[in-house]
Amino acid sequence: MHRKATLFLVFSVIFFISCLVLVGTVDIRSHFFTLLQSQPISPFPCAADSPLRVYMYDLPRRFNVGIMNRRNLDQTPVTASTWPPWPKNWGLKRQHSVEYWMMGSLIHEGAGDGRDVVRIMDPENADAFFVPFFSSLSFNSHGHNMTDPAKEIDHLLQIELMKFLSESKYWQRSRGRDHVIPMTHPNAFRFLRDQVNALIQIVVDFGRYPKAMSNLGKDVVAPYVHVVSSFIDDDPQDPFESRKTLLFFQGKTFRKDDGIIRVKLAKILDGYDDVHYERSAATEKSIKTSSEGMRSSKFCLHPAGDTPSSCRLFDAIVSHCVPVIVSDQIELPFEDEIDYTRFSLFFSFEEALQPGYMVDKLRQFPKERWIEMWKQLKNISLHYEFQYPPEKEDAVNMLWRQVKHRLPAVKLAVHRSRRLKIPDWWRRR
């Protein structure tokens with residue numbers, strides 16, 4: 001009798017709950033998923049609103065700041081108290097110094113508000129790994145040309161570095177995919193470049209690299225570090241009229257690859273009273289006159305050089321001179337966050353080489369629209385400033401944010417590689 005009563009009660013309760021679910025009074029699924037979510041299996045380590053957690057390898061100084069002062073034989077890893085300032089008299093070397101400023105952002109011990117990266121000392125908790133090798137400075141410092149015997153020092157540093165990395169379990173588990181290395185000079189790491197293809201490379205463009213080596217899918221485009229001084233007190237009553245030169249260019253005109261356009265533009269732009277187009281080598285004096293010229297010009301010409309990009313574009317930005325970009329294959333930094341058409345003009349090679357076409361377009365450009373672009377340049381120039389200590393929204397923090405954007409694809413590649421028996425099987429179909 002008791003068994004029948006118990007069965008009847010259980011049946012009644014089940015029937016009652018079923019009716020509630022059917023009419024929508026109780027959503028049993030919400031309770032079920034709440035229980036699942038209370039014990040996540042594998043949360044993504046780098047939340048969208050948290051700073052990127054980066055582990056930096058402790059390399060001897062000969063790989064980084066030791067290149068800046070080879071007389072100092074101390075090889076202990078550099079710290080915040082021993083971090084050297086960037087030399088003021090290094091001129092054009094500064095343009096490829098992204099590696100110095102990125103390392104400095106990790107060395108700096110101040111917390112600061114709005115930082116996009118924090119250095120952690122436990123590699124087990126890292127989102128990414130930074131390789132503090134000054135590959136561009138090493139190329140520029142060891143030897144004066146490609147055949148100089150001193151270039152062997154650069155070669156030996158690369159060999160030693162790859163041996164060190166290949167023995168790291170963190171390199172091994174991702175094959176370097178979650179490792180970050182700046183290589184902004186087109187000849188940086190030239191001896192063993194194929195061994196770092198999988199890394200997240202910080203580059204200024206892709207002019208000399210095949211897609212298998214470097215591409216937008218995994219790498220980050222950085223701005224050159226500007227070599228002219230930033231225009232701080234740019235507040236004239238009429239900025240348009242105060243800049244008397246229409247179009248300004250000063251630099252080398254004989255370049256390789258697409259840079260041949262510079263020679264052609266010299267002929268096209270010859271004879272205009274309001275156009276300054278000057279052939280000049282980079283010296284301390286010419287950098288100063290270039291800065292003065294940009295600050296007194298409405299538009300600054302940026303033609304392709306040995307590669308699609310050059311430092312000149314970013315010199316123009318911090319001089320608040322509206323860039324005129326003539327480079328059909330240029331890639332620009334931070335373009336998922338910044339719309340360059342709001343403060344720059346673009347001409348194809350074909351358009352720029354039509355006699356009179358570009359100058360006519362610039363002469364007819366509305367004053368009101370130019371002033372809006374000038375204001376925009378003043379607003380965004382902070383994003384192209386490299387400094388120590390780093391500041392919120394400056395170039396280094398923008399670069400680390402770009403690295404963070406690359407990590408989901410890195411995680412996907414790493415996780416798939418761990419379980420695939422036939423790598424890249426879809427490419428064989």
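**Exercises on a Predicted Model**

Ser138 is buried, its relative accessible area being 0%. The structure considered here is a predicted model.

**Exercise 1.** Determine where Ser138 lies and which residues are in contact with Ser138 beyond its neighbours within four places in sequence.

*Solution.* Step 1: Ser138 belongs to helix H4, which comprises residues 135-141. Step 2: buried residues have under 20% relative accessible area, and the value for Ser138 is 0%. Step 3: with neighbours within four places in sequence left aside, the contacts of Ser138 are Ile67, Phe133, Asp154 and Leu157.

**Exercise 2.** Examine the surroundings of the charged residue Asp178 and state whether a salt bridge is present or absent.

*Solution.* Step 1: Asp178 is located in the loop between helix H6 (169-174) and strand E4 (179-182). Step 2: Arg173 is the nearest side chain of opposite charge, at 4.7 Å. Step 3: a salt bridge requires the atoms to be within 4 Å; Asp178, although buried, has none. Step 4: the side chain of Asp178 does make a polar contact with that of His179, at 3.0 Å. Step 5: among the residues that Asp178 touches are Asp127, Phe129 and Val410.

**Exercise 3.** Explain how the buried residues of helix H9 are arranged.

*Solution.* Step 1: H9 (residues 284-295) has twelve residues and spans 17 Å from its first C-alpha to its last, close to the expected 16 Å. Step 2: the residues buried in H9 are Ser286, Ile287, Ser290, Ser291, Gly293 and Met294. Step 3: viewed down the helix axis, these buried residues fall within an arc of 165°, so they line one face of H9. Step 4: Glu284, Lys285 and Lys288 are exposed on the other side of H9. Step 5: the cover over the buried residues includes strand E7 (245-251), strand E9 (297-303) and helix H10 (312-318).

Note on methods. Residues are numbered from 1 along each chain as its sequence is written. This is a predicted model: local features need pLDDT of at least 70, side-chain atom pairs count only at pLDDT 80 or more; totals for chains, interfaces and linings use all residues. Side-chain values use heavy atoms; hydrogens and water are left out. Helices (H or I, at least four residues) and strands (E, at least two) are DSSP runs, numbered from the N terminus. Buried means under 20% relative accessible area, exposed over 50%, partly exposed in between (1.4 Å probe, protein chains only). Lys and Arg count as positive and Asp and Glu as negative; His and the chain ends are not counted. A polar contact is a pair of N or O atoms within 3.5 Å; within protein, one must be able to donate a hydrogen and the other to accept it, and residues adjacent in sequence count only if both atoms are side-chain atoms. Contact means heavy atoms within 4.5 Å. The expected span of a helix is 1.5 Å times one less than its number of residues. The arc is that of the directions from the helix axis to the C-beta atoms.
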